[in-house]
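I opened a notebook on this structure to look up contacts, empty space, cysteines and backbone angles. My entries follow in the order I made them.

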Amino acid sequence: SGPLPQRLDQTGLHPANASVMPFSPQYPLWSDGATKRRWIALPAGTAIEASRPAAWQFPRGTKLWKEFAIEGRRVETRFIERLADGEWRYATYVWNDAGTEAMLASAQGIAALPLANGRTYAIPSQADCRACHEGAPTPVLGFSALQLSADRDPLAPHAEARRADEPDLRTLVAGGLLRGLPQRLLEAPPRIAAPTPTARAALGYLHGNCGHCHGDPATADAAVPVGLTLTVDVSDPAAGAKALRALVEGSSRFRSFQRRGARHVVPGDPGASVLVERMRSRDPRVQMPPLGTSLPDAAALA
């Protein structure tokens with residue numbers, strides 16, 4: 001595969017590369033309010049194998065990029081690439097103050113990159129990238145059957161409307177970029193089955209922000225063993241109900257509220273719910289997710 005390029009444009013993300021396709025997931029990851037743009041590129045003549053809707057297989061040579069901007073300033077662009085041997089590699093490129101060029105960051109990341117107004121920003125290490133991406137059945141997060149469904153959730157926190165040049169499942173299949181997707185997911189675009197619109201949005205948020213670690217132990221290599229499955233497998237019509245049941249009926253092993261055995265979610269009582277406590281906290285011994293954020297997500301907590 002060779003060494004990682006030193007400049008972002010050398011990875012293939014530049015205007016002349018017609019194979020680079022923008023996309024936006026309906027349940028985006030919370031990153032302290034950063035504005036994001038995302039792109040994917042597949043090698044010519046290849047397609048994603050989607051016969052397992054919850055575990056797409058991406059061809060060797062697949063590349064993805066995600067740009068982070070704070071208050072209009074581009075700060076970093078993260079890069080993921082599948083190599084010829086099937087392994088994935090991860091890198092981050094840091095933009096200069098003028099926003100004209102992004103250079104490869106150290107594999108150790110940057111703990112406190114200075115921004116305007118005295119604010120700092122954490123650039124993840126390659127180990128941080130692997131910790132989040134490699135617990136799921138596929139390391140690609142945000143480009144999946146649920147995330148690219150045409151039946152987008154209007155209450156999803158921080159989601160942006162899909163632009164005309166961004167794909168959904170049908171356009172990917174029509175363009176020959178997705179094969180093997182079950183026909184039922186084209187006829188009825190996937191959505192989370194939930195008792196209310198708010199519950200659908202909450203489960204979608206947890207799927208997008210937590211499910212890559214809190215996944216189904218039967219399908220994920222490194223699912224957190226706490227009996228809390230927050231991924232929503234669109235091939236299972238009861239997946240939303242199972243996630244709700246795990247949240248409401250399950251007890252946390254985390255020592256919360258000075259006692260063990262507190263429930264993840266106590267209906268009607270967020271103050272007694274471990275999930276809310278851990279999402280709200282930014283104490284590194286308590287907070288969830290444990291990486292990638294230093295500010296609580298007010299919209300998601302609501």
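**Entry: Arg 162**

I began with a side chain. That of Arg 162 reaches the backbone oxygen of Glu 166 at 2.4 Å. I count a polar contact as a pair of N or O atoms within 3.5 Å; within protein, one must be able to donate a hydrogen and the other to accept it, and residues adjacent in sequence count only if both atoms are side-chain atoms.

I note the ground rules here. This is a predicted model, numbered from 1 along each chain as its sequence is written, in which local features need pLDDT of at least 70, side-chain atom pairs count only at pLDDT 80 or more, and totals for chains, interfaces and linings use all residues. Side-chain values use heavy atoms, with hydrogens and water left out.

Where does Arg 162 lie? I find Arg 162 in the loop between helix H1 (126-133) and helix H2 (169-174). Helices (H or I, at least four residues) and strands (E, at least two) are DSSP runs, numbered from the N terminus. Setting aside residues up to four places away in sequence, Arg 162 touches Ser 24, Arg 152, Pro 167 and Asp 168. Contact here means heavy atoms within 4.5 Å. Arg 162 has a relative accessible area of 32%, so I log it as partly exposed. The scale is: buried under 20% relative accessible area, exposed over 50%, partly exposed in between (1.4 Å probe, protein chains only). I also checked Gln 6: its C-alpha is 32 Å from that of Arg 162, and the two are 156 residues apart in sequence.

**Entry: Ser 273**

Is Ser 273 buried or exposed? Ser 273 counts as buried, at 1% relative accessibility. I place Ser 273 in the loop between H5 and H6. Its side chain reaches the backbone nitrogen of Val 266 at 2.8 Å.

**Entry: the second largest pocket**

Next I looked for empty space. On a 1 Å grid over the protein atoms alone, a cavity is a set of points where a 1.4 Å probe fits but cannot get out; a pocket is an open set with protein on both sides within 12 Å along at least five of seven lines; lining residues have an atom within 4 Å of a point. Grid points are joined across faces, edges and corners, and a volume is the space filled by probe spheres set on the points.

The second largest pocket comes to about 670 Å³. Its lining has 27 residues, with Thr 198, Ala 202, Ala 300, Leu 301 and Ala 302 nearest the centre. Helices H4 (197-210), H5 (239-249), H6 (274-280) and H7 (298-301) each supply at least two lining residues. H4 gives the most, with seven. By class I get 22 nonpolar, four polar and one charged. Ala, Val, Leu, Ile, Met, Phe, Trp, Tyr, Cys and Pro count as nonpolar, Asp, Glu, Lys and Arg as charged, and the others, Gly among them, as polar.

**Entry: cavities**

How many cavities of 30 Å³ or more are there? I count three. The largest holds about 70 Å³. Its lining includes Trp 30, Tyr 205, Met 279 and Asp 297. H4 gives the most here, with three residues. The classes are six nonpolar, one polar and two charged.

The second largest cavity holds about 40 Å³. Among its lining residues are Ala 91, Leu 104, Ile 123 and Gln 126. This lining has six nonpolar, four polar and no charged residues.

**Entry: cysteines**

I searched the whole structure for disulfides, pairs of cysteine sulfur atoms within 2.5 Å, and found zero. Why is Cys 132 unbonded? The closest cysteine sulfur, in Cys 213, is 5.4 Å from that of Cys 132, too far for a bond. Cys 210 is in no disulfide either, with the sulfur of Cys 213 nearest at 8.7 Å. Cys 132 is partly exposed at 21%, whereas Cys 210 is buried at 13%.

**Entry: backbone angles**

Most residues other than glycine have a negative phi, and most peptide bonds are trans. I noted exceptions. Met 288 and Pro 289 are joined by a cis peptide bond, with omega about -5°. Pro 289 sits in the loop between H6 and H7. Both residues also appear in the lining of the largest cavity.

Asp 32, not a glycine, has a positive phi of about 55°. Asp 32 lies in the loop between strand E1 (21-23) and strand E2 (35-41) and is buried at 15%. His 158 also has a positive phi, near 70°. His 158 belongs to the loop between H1 and H2 and is partly exposed at 37%.
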